[in-house]
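User: I've got a model open and I'd like to learn how to read its features one at a time. Can you walk me through it?

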Amino acid sequence: KTHPAIIPTRFFCLILHFIFIVMILTYNEVNVETTLPTIAGFVDDDRRSPKDAFIACCSLSICSLLIQFIGFFGGCTLFDHVGTVLSLICNFVSVVLLGCFAIEQWHWARIWFIWGFFGLPPAIYEIYSFCIIFIFWRKRY
């Protein structure tokens with residue numbers, strides 16, 4: 001059985017994670033430009049590739065959050081203890097790391113590690129739950 005306070009906390013962490021990703025995506029020029037070298041021969045084509053990779057990672061983060069929102073509001077993992085705790089921990093750590101990313105101006109490539117370790121596992125668990133519920137027609141709780 002899931003503790004009643006975990007569900008609103010999970011929702012709050014999901015919302016915070018989404019806000020932080022949108023905030024970082026909005027200021028992508030600043031996040032990428034601060035880590036690139038200021039060499040005279042460094043042209044705009046050299047700057048475009050990191051910006052595109054940064055935007056791609058933020059887009060994948062938003063997609064994984066949408067998968068989590070669908071599972072949360074659809075009720076697939078709303079009362080599932082493992083899914084709730086996994087999502088809560090991963091989203092909380094991700095919010096803390098994204099805050100450090102924005103404040104301390106980390107290198108733009110570190111956002112891939114944040115997404116890979118803390119954004120992707122809850123989305124994979126949600127997809128697993130979708131498959132268990134809608135393909136195999138088994139209730140999780």
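Analyst: Sure. Keep in mind that this is a predicted model. Let's start with one residue: Phe 18 is partly exposed, at a relative accessible area of 31%. Phe 18 sits in helix H1.

User: Which residues does Phe 18 touch, leaving out those up to four places away in sequence?

Analyst: Ile 62, Leu 65 and Phe 69. Take Ile 62: 44 residues separate it from Phe 18 in sequence, yet their C-alpha atoms are 6.9 Å apart in space.

User: And Ile 24, is that one buried or exposed?

Analyst: Ile 24 counts as buried, because its relative accessibility is 2% and the cut-off for buried is under 20%. Ile 24 also belongs to helix H1. Setting aside neighbours within four places in sequence, Ile 24 is in contact with Asn 31, Phe 54, Cys 58, Leu 98, Phe 101, Ala 102 and Ile 111. Between Ile 24 and Cys 58 the C-alpha distance is 8.1 Å, with their positions 34 residues apart along the chain.

User: Let me zoom out. How many helices and strands does the protein chain have?

Analyst: Five helices and zero strands. Reading from the N terminus, the order of elements is α-α-α-α-α. Of the 141 residues in the protein chain, 41% are buried. As for contacts with a separation of 6 or more, 77% of them involve residues 24 or more positions apart.

User: How do I describe the way two helices pack?

Analyst: The general idea is that two packed helices are described by the angle between their axes and the distance between the axes. Here, try helix H4 (residues 81-104) against helix H5 (residues 110-135): the angle is about 160 degrees and the axes are 9 Å apart. That angle makes H4 roughly antiparallel to H5, since the cut-off for that label is over 145 degrees. The H4 and H5 crossing is left-handed.

User: What does the contact of H4 with H5 look like by class?

Analyst: It has 14 nonpolar, three polar and no charged residues. On the H4 side, the residues include Leu 86, Cys 90, Val 93, Leu 97 and Phe 101. Among their counterparts in H5 are Ile 114, Phe 117, Phe 118, Pro 121 and Tyr 125.

User: At what angle do the axes of H1 and H4 cross?

Analyst: Roughly 30 degrees, and the axes of helix H1 (residues 6-26) and H4 come within 9 Å. The crossing of H1 and H4 is left-handed. H1 contributes residues including Arg 10, Cys 13, His 17, Phe 20 and Ile 24, while H4 contributes, among them, Ser 87, Asn 91, Phe 92, Leu 98 and Ala 102. The class tally for the contact of H1 with H4 is 14 nonpolar, eight polar and one charged residues.

User: I see cysteines in there. How do I check for disulfides?

Analyst: A disulfide is a covalent bond between the sulfur atoms of two cysteines. So the check is on sulfur-to-sulfur distance, with a cut-off of within 2.5 Å. Searching the whole structure turns up zero disulfides.

User: Why is there no bond between Cys 57 and Cys 58?

Analyst: Because the closest cysteine sulfur to that of Cys 57 is the one in Cys 58, 5.9 Å away, and that is too far for a bond. Turn it around and Cys 58 has its closest cysteine sulfur in Cys 57, at the 5.9 Å already given. Cys 57 is buried, at a relative accessible area of 0%, and Cys 58 counts as buried at 0% relative accessibility.

User: What about backbone torsions?

Analyst: Most residues other than glycine have a negative phi, and most peptide bonds are trans. In this model, Gln 105 has a positive phi, near 55 degrees. Gln 105 lies in the loop between H4 and H5. Its relative accessibility of 44% makes Gln 105 partly exposed.

User: Which residue has its C-alpha atom 8.9 Å from that of Gln 105?

Analyst: Val 32, and the two are 73 residues apart along the chain. Val 32 is part of helix H2 (residues 28-33), and it counts as buried at 0% relative accessibility. Not counting residues up to four places away in sequence, Val 32 touches Pro 50, Lys 51, Phe 54 and Trp 108.

Definitions and conventions:
Residues are numbered from 1 along each chain as its sequence is written. This is a predicted model: local features need pLDDT of at least 70, side-chain atom pairs count only at pLDDT 80 or more; totals for chains, interfaces and linings use all residues. Side-chain values use heavy atoms; hydrogens and water are left out. Axes are lines fitted to C-alpha atoms, for helices over the stretch in contact, and angles run from 0 to 180 degrees between N-to-C directions. Helices (H or I, at least four residues) and strands (E, at least two) are DSSP runs, numbered from the N terminus. Angles under 35 degrees count as roughly parallel, over 145 as roughly antiparallel, 65 to 115 as roughly perpendicular and the rest as oblique. A crossing is left-handed if the near helix is turned anticlockwise from the far one by less than a right angle, and right-handed if clockwise. Contact means heavy atoms within 4.5 Å. Ala, Val, Leu, Ile, Met, Phe, Trp, Tyr, Cys and Pro count as nonpolar, Asp, Glu, Lys and Arg as charged, and the others, Gly among them, as polar. Buried means under 20% relative accessible area, exposed over 50%, partly exposed in between (1.4 Å probe, protein chains only).
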